[in-house]
Amino acid sequence: MQIKILAFCGSSRRDSLNQKLLDTAVLGALDAGAQVSNIRLLDFPLPIYDGDWETEHGLPERARALKALIADHDALLIATPEHNGGYTALLKNALDWASRPIESDPTGLEVFAGKLAAMVSASPGVLGGMRAQIALQISLNKLGLLVIPNAFALGLAHQAFDEKWLLKDANADKSVRGLGAALVTTASTLRGSFPSGRRCETPTRGGVSRKVRIRRRGSRPCARL
Ligand code: FNR
């Protein structure tokens, strides 16, 4: 069955360097045979997370839509700028809302359980947003996602793309496309290793592991054990 990748970027800027880098990784995932949904977080406008707001209004419709998309994909491909050493508020807010419980996902985390993620970042600075990736990896692991090691941080990114949004450097282009492809092949391999009904460990909100069933697309949500 075809692997489904959900791609999104922590910058909503029209000329975002990170979106350009993400689009290159997406090309690699497509070449590797995946179906890719390359969404814009701008299309998921959400209030800044606030517990009182949530109690009063419930989960926003756009947060439900984002959760449903995550549930329907095998892996996440994420690009993020670095903002003051961390990843962006836009991305954090989207992940925070997506982690909130709903009727079909009482812990809030079942949409993430046992799925893969890959990260890229771009910055005009020399480190390419590497610190943002460290912060993002901590959050993704906490959500129960397995982050593959093929990360890419693009430094001096304001000089790196041509007018068609393609990377000028052939080696960088190959690496970023390779990252997209690696996400697909790793997801395929894991799917083969964990047929429906096998179990894996995933963290709970309290940090204690619990067993969940690996969710296959089209199957019932993960059982809570
Ligand atoms: C930045 N930028 C930045 N860059 C970096 O390498 N390390 C950092 O800590 C920061 N911090 C930071 C904070 C804030 C509030 C802004 C607005 C910017 C610069 C940032 O990497 C640059 O604007 C990127 O071009 C943003 O990514 P997009 O929108 O081009 O994808």
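Asn84 meets the ligand through its backbone: an N or O atom there lies 2.9 Å from a nitrogen atom of the ligand, a polar contact in the sense used here (a pair of N or O atoms within 3.5 Å; within protein, one must be able to donate a hydrogen and the other to accept it, and residues adjacent in sequence count only if both atoms are side-chain atoms). Overall, the protein covers 67% of the 620 Å² of accessible area that the ligand has on its own, with areas worked out by the Shrake-Rupley method and a 1.4 Å probe. The model is a predicted one, so local features need pLDDT of at least 70 and side-chain atom pairs count only at pLDDT 80 or more, while totals for chains, interfaces and linings use all residues. Residues are numbered from 1 along each chain as its sequence is written, and side-chain values use heavy atoms, with hydrogens and water left out.

Two side chains also reach the ligand. Ser16 has a side-chain N or O atom 2.6 Å from an oxygen atom of the ligand, and Asn18 places a polar side-chain atom 2.8 Å from a ligand oxygen. Around the ligand sit Ser11, Arg13, Ser16, Leu17, Asn18, Pro81, Glu82, His83, Asn84, Gly85, Ser123 and Pro124, where belonging to this set takes a heavy atom within 4 Å of the ligand. Sorted by class, that shell holds three nonpolar, seven polar and two charged residues. In this scheme Ala, Val, Leu, Ile, Met, Phe, Trp, Tyr, Cys and Pro are nonpolar, Asp, Glu, Lys and Arg are charged, and the others, Gly among them, are polar. Helix α1 (17-31) and strand β4 (82-83) each chip in at least two residues of the shell; helices (H or I, at least four residues) and strands (E, at least two) are DSSP runs, numbered from the N terminus.

Ser16 has a second job to report, since its side chain caps the N-terminal end of α1: a side-chain oxygen lies 3.2 Å from the backbone nitrogen of Asn18. Eleven of the 15 residues of α1 are buried, so the helix is largely enclosed by the rest of the structure. Buried here means under 20% relative accessible area, exposed means over 50%, and partly exposed is in between (1.4 Å probe, protein chains only). The buried set in α1 includes Leu17 and Asn18, both of which also belong to the ligand shell. The length of α1 checks out as well: at 1.5 Å a residue its 15 residues should span 21 Å, and the end C-alpha atoms are 22 Å apart, which agrees. The expected span is 1.5 Å times one less than the number of residues. Just after α1, Gly33 takes a positive phi of about 100°.

Gln35 follows in strand β2 (residues 35-38) and counts as partly exposed at 36% relative accessibility. Gln35 and Ile3 are 32 residues apart in sequence, yet their C-alpha atoms are 6.2 Å apart in space.

Helix α5 (residues 130-143) gives a different view. Its buried residues are Ala132, Gln133, Leu136, Ser139, Leu140 and Leu143. They cover an arc of only 125° around the axis, which puts them on the same side of α5; the arc is that of the directions from the helix axis to the C-beta atoms. An α-helix has 3.6 residues a turn, so residues three or four places apart point the same way. On the other side of α5, Ile134 and Ile138 are exposed. The 14 residues of α5 should span 20 Å, and the end C-alpha atoms are 20 Å apart, which agrees. After α5 comes Gly144, with a positive phi near 105°. Ile134 also pairs up over a distance with Gly86: the two are 48 residues apart in sequence and 8.0 Å apart in space, C-alpha to C-alpha. Gly86 lies in strand β5 (residues 86-87) and, at 17% relative accessibility, counts as buried.

The loops have their own features. Asp105, in the loop between α4 (89-98) and β6 (116-122), counts as buried at 2% relative accessibility. Polar atoms of the Asp105 side chain lie 3.3 Å from the backbone nitrogen of Leu109 and 3.5 Å from that of Val111. In the loop between β8 (152-154) and α6 (170-193), Leu156 has a positive phi near 50° despite being a residue other than glycine. Trp165, in the loop between β8 and α6, likewise has a positive phi, near 70°. Leu156 is partly exposed, with a relative accessible area of 39%, and Trp165 is partly exposed at 29%.
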